[in-house]
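These are my notebook entries on one chain, written down in the order in which I looked things up. I begin with a charged side chain and its surroundings, and move on from there to the fold, the surface and the empty spaces.

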Amino acid sequence: MENVIQVPQTNETPRKRKKRKFGVFDVVNYTLLTLFGLVCIFPVLYELTLSVSSKADFLQANLFVIPRDFNIEAYKFIFGKGRVGKAFLVSFFVTVVGTVYSLFLTALGAYAFTRKNVPGLRICFTLVLITMFFSGGVIPFYLLVGKILGTNNLLCLIVPFGINSFNMLILRNFFMQVPDGLLESCRIEGAGEFRILFQFVVPLSKAGIATVMLWYLVAKWDDWYWPSFFLTRRNDLYPLALELRNVLQNLENNPLGDNVQLDGTKLFAQGNNAAMIMVSITPILLIYPFLQKYFVKGVMIGSVKE
């Protein structure tokens, strides 16, 4: 008979993982983060409640407006009587088309700078880095764009702003993490560089693409500076950010429309401004949660060395 070794059984239960105790640092850290979060959320909530409140609610408020007489008259007013609806569509068009256009060019540039043993690549890379710290100036840029594309059109808000050097460097770092062996095997199979980029490199760099896309979206949606230069004669092409700036600074006598009579019980200037602010920030607030996990990973690129 074979000897059977019996393992003695014990009634010992696996040790439970010790719960992490909160120290003084954790309490202070969470307290500060909570206060910081409240500071960031408070202006948004204030503008939201103000936009759906009546004038009486606003006059009775001390620190925070409570919408006792809830209404959406301010939103009806800005969309029905002024240029806000069209400005929203202009911003949507410029943001979507401009972001796709910028992502395409940025991906091409980032992929080009990941290649090795290319003559003159270091010189081109240095020239790109210089543009991050020095520019040609506002007047030369304005004259160049006006001569090539003209002004007072939407092309001058999209074409000249194709690539951001910093975004291209971030995307380049993501592309460099793709194994060279994979790319070489694609070339051996006969795949061209464009196919390698868009069918292999880009899908493997979703975090970088999402991060750069979010930066482009926010920058183009919030841009009012360059439209104020290039759209001096076409206020019907104003994007939402520029329209909002004009309203808040009262640059026009009646920024929300002509021959509009305010209802003193429902509509008031602060409520209209708050409604415009909410309209301008809502798209970004809706998009960000879907890109947050990629954004967090993207901003950490390069912080840990393998």
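Does R187 count as buried or partly exposed, judged by relative accessibility? I looked this up first, bearing in mind that I am working with a predicted model. The value for R187 is 23% relative accessibility, so R187 counts as partly exposed, given that buried means under 20%.

**Entry: salt bridges**

I then looked for the partner of R187 and found that its side chain meets that of E193 in a salt bridge, with 2.8 Å from N to O. E193 is partly exposed as well, with a relative accessible area of 36%. The structure holds five salt bridges, and I followed some of them further.

For K76 I noted a salt bridge with E73, in which the closest N and O atoms are 3.8 Å apart. I asked myself why these two are separated by about one helical turn. The reason I wrote down is that K76 and E73 are three residues apart in helix α3, which covers residues 73-81. E73 has a relative accessible area of 29%, and I therefore list E73 as partly exposed.

The next pair I checked was D236 and R234, which form a salt bridge with the closest N and O atoms 2.9 Å apart. D236 counts as partly exposed at 26% relative accessibility, and R234 is partly exposed with a relative accessible area of 31%. This pair belongs to a network, since K86, R234 and D236 are joined into one by salt bridges that share partners.

**Entry: the chain as a whole**

Stepping back, I counted 13 helices and zero strands in the protein chain, and the pattern along the sequence accordingly reads α-α-α-α-α-α-α-α-α-α-α-α-α. The protein chain has 306 residues, of which 34% count as buried. I also looked at how far apart in sequence the contacting residues are: among contacts with a separation of 6 or more, 72% are between residues 24 or more positions apart. For the accessible surface I have a value of about 20,600 Å², and 64% of this belongs to carbon and sulfur atoms.

**Entry: a nonpolar patch**

On that surface I picked out a nonpolar patch of about 640 Å², made by I41, F42, L45, L48, L63, F64 and I66. I took L48 as the residue to examine within it, and located L48 in helix α1, residues 24-51. L48 has a relative accessible area of 37% and is therefore partly exposed; that value also passes the limit of over 30% which patch residues need.

**Entry: two loop residues**

Which residues does S205 touch, leaving aside those up to four places away in sequence? I found F174, F175 and V178. S205 itself lies in the loop between α9 (193-201) and α10 (206-221), and at 2% relative accessibility S205 counts as buried. I checked the spacing to one of these partners, F174, which is 31 residues away in sequence while the C-alpha to C-alpha distance is 6.0 Å.

The other loop residue I looked at was N152, found between α6 (138-148) and α7 (165-175). Its phi is near 60 degrees, a positive value in a residue other than glycine. N152 counts as buried, at 15% relative accessibility.

**Entry: empty space**

I finished with the spaces that the protein atoms leave. The structure holds one cavity of 30 Å³ or more, and the volume of the largest cavity is about 30 Å³. The residues that line the largest cavity include L50, S51, N71, A74, F268 and N272. As for elements, α1 and α13 (269-299) each supply at least two residues of this lining.

How much space lies in the largest pocket? The value I noted is about 800 Å³. Its lining has 29 residues, and the closest to the centre are P160, F161, I163, N164 and W226. The elements giving two or more residues to the lining of the largest pocket are α4 (84-112), α6, α7, α10 and α11 (225-230).

Notes
Residues numbered from 1 in each chain as written. Predicted model: local features only at pLDDT ≥ 70, side-chain atom pairs only at ≥ 80, totals over all residues. Heavy atoms only, no water. Patch = residues over 30% accessible without salt bridge, like charges linked within 9 Å, V, L, I, M, F, W, Y side chains within 5 Å. Areas by Shrake-Rupley, 256 points an atom, 1.4 Å probe, with all protein chains shown as cover. Salt bridge = Lys/Arg side-chain N within 4 Å of Asp/Glu carboxyl O. Helix = DSSP H or I, 4+ residues; strand = E, 2+ residues; numbered from the N terminus. Buried < 20%, exposed > 50% of the residue type's maximum accessible area, 1.4 Å probe, protein only. Contact = heavy atoms within 4.5 Å. 1 Å grid on protein atoms, 1.4 Å probe; cavity = no way out; pocket = protein on both sides within 12 Å on 5 of 7 lines; lining within 4 Å. Points joined across faces, edges and corners; volume = space filled by probe spheres on them.
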